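Subject: Structure for you to look at

Dear colleague,

I am handing over the structure that we talked about, and I would be glad if you opened it before reading my notes. Please keep the view beside you as you go through the rest of this email.

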Amino acid sequence: MCGIIGIVSQGYVSSKEIIKALKRLEYRGYDSVGYALNDGTIEKDTGQIAVFLEKMEDKKFKTGIAHTRWATHGGVSKENAHPHPDCSGNLIIVHNGIIKNYLDIKDTLLKKGHVFKSETDSEIIAHYFEEKLKNKDMKQAIVDFMKETKGTFAVLMIKKGENEIYAFKRDSPLALGIGSKEFYLSSDIYGFSDKTSKAIFFDDDEFAIIGEEYKFYDKEGNPIEKEVKEFEWGFFEEEKEAYEHYMIKEIKEEGKTVRRIINSLNNEQHKKILELNEMITNAKKVCFIASGTSYFASLLGVYFLNRVNVESQAIIASEFKHFIKIDENTLIVAISQSGETMDVLKALKFAKKKKAKIASIVNVPYSSVQRISDLSLEILAGQEICVAATKTFINQISLLLYLANLNGLNVNLDTLHERIQETIENNEKKVEALAQTLYKKRDIYVLGRGFTYPIAREIALKLKEIPYIHAEGMMGGELKHGTLALIEEGTPVISLIAYSDDEMISNTKEVEARGARVVTISNDEKIDPDFYLRTSKDEKFAITATIIGQLLAYYIAREKELPIDKPRNLAKSVTVE
Ligand code: AGP
């Protein structure tokens with residue numbers, strides 16, 4: 001994961017500017033922060049970017065690099081924080097990715113007398129170049145690096161006294177933003193989208209030298225022409241406004257963002273969704289791939305399409321290649337909020353090699369997943385800052401419902417935003433009160449059946465990642481096959497009961513009989529649920545029930561005074577395998 005930023009400017013810039021740009025990438029990791037300038041300055045520390053920004057000295061610079069870390073190799077410490085210099089302090093690097101053969105390279109460098117200060121894989125990069133540059137020029141050294149290293153990388157490197165950044169990448173994302181007097185390098189367009197709307201996206205095994213102008217090269221060092229893309233990213237909603245946390249702000253935006261996606265599918269994205277539908281119709285096999293929350297959206301997609309006799313399957317991206325046979329008649333539909341999830345990208349590259357067609361549903365335009373796809377739709381949820389996916393999940397499901405409607409499902413999506421608003425307004429206080437009774441619990445079970453099964457999984461995931469409660473989302477029918485043994489007096493069980501779902505009512509009775517403390521969420525008024533969510537359509541209940549779960553995760557975490565928007569050990573964009 002990690003976020004990297006580089007700035008090459010014709011005039012002097014304040015060092016605080018590079019950290020402010022880095023802050024926009026904080027969702028990629030928040031274990032430590034640091035920057036380096038071409039006068040040899042390196043400042044770094046563990047902890048939050050905001051705190052670092054407050055304490056840092058204001059220096060003027062023309063060329064600098066910065067890094068926000070999500071630790072992989074080596075613990076969270078100042079030594080392991082980036083940037084990393086070589087022995088002489090002449091070359092300084094920041095890196096996003098993992099150099100898999102770093103131990104072999106380190107061994108060789110140690111024998112040549114290099115001294116390392118961190119436990120990271122990244123530090124070897126600076127030393128590797130220090131060694132190479134003894135008898136090669138920079139271009140050739142980068143070509144060698146690409147040949148000799150295994151793993152993933154987006155690297156920015158500066159040399160003391162030079163106004164240039166050397167940038168190279170494989171698998172980890174990297175973009176060059178083109179301003180009027182500055183160039184920006186960033187893990188994604190968030191890093192510079194307040195400064196410019198022009199960007200060049202690095203492809204794998206390409207490198208660039210950016211100074212007064214920029215030059216791109218292929219992996220052999222041959223110059224290449226790259227297309228400058230004009231991007232539009234018009235939904236900046238990153239200010240927390242009056243809200244205490246981004247998570248609650250983003251949940252409360254759900255009505256608005258659903259309206260936006262439905263509107264777009266009726267208008268500017270209409271042709272695209274018809275194209276996607278045609279690709280589905282023409283394919284012999286349709287498979288959704290995704291991770292985490294996006295996977296649960298995929299499962300719902302399979303359910304919705306199955307309702308209208310369109311066959312598809314969903315596979316977790318990291319397990320994809322073990323569970324499917326694919327060829328040119330297969331359509332892969334990737335669902336990813338960030339569009340940068342490494343597991344998804346690896347699965348797509350695998351599918352591409354097998355000549356499968358690729359469609360995607362993403363939130364971030366120009367993301368790697370979008371760029372690898374034959375067709376890509378955007379869910380238009382706006383930037384989601386909290387690590388937990390909330391509004392993006394709701395928009396993913398809304399798009400999938402629209403797709404099912406095209407095949408004969410009959411769900412009125414024009415009133416969906418009203419149901420969402422009503423759910424939040426009528427239930428927020430009640431959820432808050434429930435959270436006060438649940439926050440000390442270690443385990444919570446969430447039961448669903450059919451379309452409420454993916455929702456049960458999603459609610460459980462929210463309960464794990466935000467309030468750190470061990471939660472299991474499971475099929476009601478599976479309880480009796482083992483998990484029922486864990487239910488004892490007072491065990492909290494959330495039961496999602498769709499209209500007339502008698503089987504789910506039976507499963508709920510089974511846990512109640514064993515002393516569970518059951519909380520029922522239903523669109524069936526006659527069963528007198530704890531949370532009654534008015535809607536005659538089960539598909540809309542899928543959405544409103546999720547929102548109750550999102551609010552519950554939020555309010556339990558708030559009661560526990562946890563870092564809601566940045567839960568421990570996680571990052572928004574998961575760019576490692
Ligand atoms: C969601 O709350 C999680 N943070 C996580 O499961 C996420 O959905 C997953 O990493 C997939 O991300 P993507 O949608 O950006 O691919």
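What follows is a short account of what was found, going from the whole chain to one helix.

Please bear in mind that this is a predicted model. The domain assignment divides the protein into domain 1 (3-230), domain 2 (240-410) and domain 3 (423-566), and the C-alpha centres of domain 1 and domain 3 lie 44 Å apart.

In secondary structure, the protein comes to 16 helices and 25 strands. Its radius of gyration is 25 Å, close to the 25 Å that the globule rule gives for 577 residues, so the protein is as compact as a globular protein of that length. The C-alpha trace spans about 80 × 50 × 40 Å along its principal axes.

Of the 577 residues, 63% are buried, and among the contacts with a separation of 6 or more, 72% come from residues that are 24 or more positions apart. The protein exposes about 22900 Å², of which carbon and sulfur atoms supply 46%. As for charge, there are 79 positive and 87 negative charges, and their mean positions are 2 Å apart.

Finally, you could turn to helix H5 (residues 138-148), whose buried residues are Met138, Ala141, Ile142, Val143, Asp144, Phe145 and Met146. The buried residues of H5 pack against helix H4 (123-132) and against four strands, namely S6 (91-99), S7 (151-159), S8 (165-170) and S12 (206-210).

With best wishes

Technical notes
Residues numbered from 1 in each chain as written. Predicted model: local features only at pLDDT ≥ 70, side-chain atom pairs only at ≥ 80, totals over all residues. Heavy atoms only, no water. Domains from an automatic or database assignment. Helix = DSSP H or I, 4+ residues; strand = E, 2+ residues; numbered from the N terminus. Rg over C-alpha atoms; globule rule 2.2 N^0.38 Å. Buried < 20%, exposed > 50% of the residue type's maximum accessible area, 1.4 Å probe, protein only. Contact = heavy atoms within 4.5 Å. Areas by Shrake-Rupley, 256 points an atom, 1.4 Å probe, with all protein chains shown as cover. Lys, Arg positive; Asp, Glu negative; His and termini not counted. Charge placed at Lys NZ, Arg CZ, Asp CG, Glu CD.
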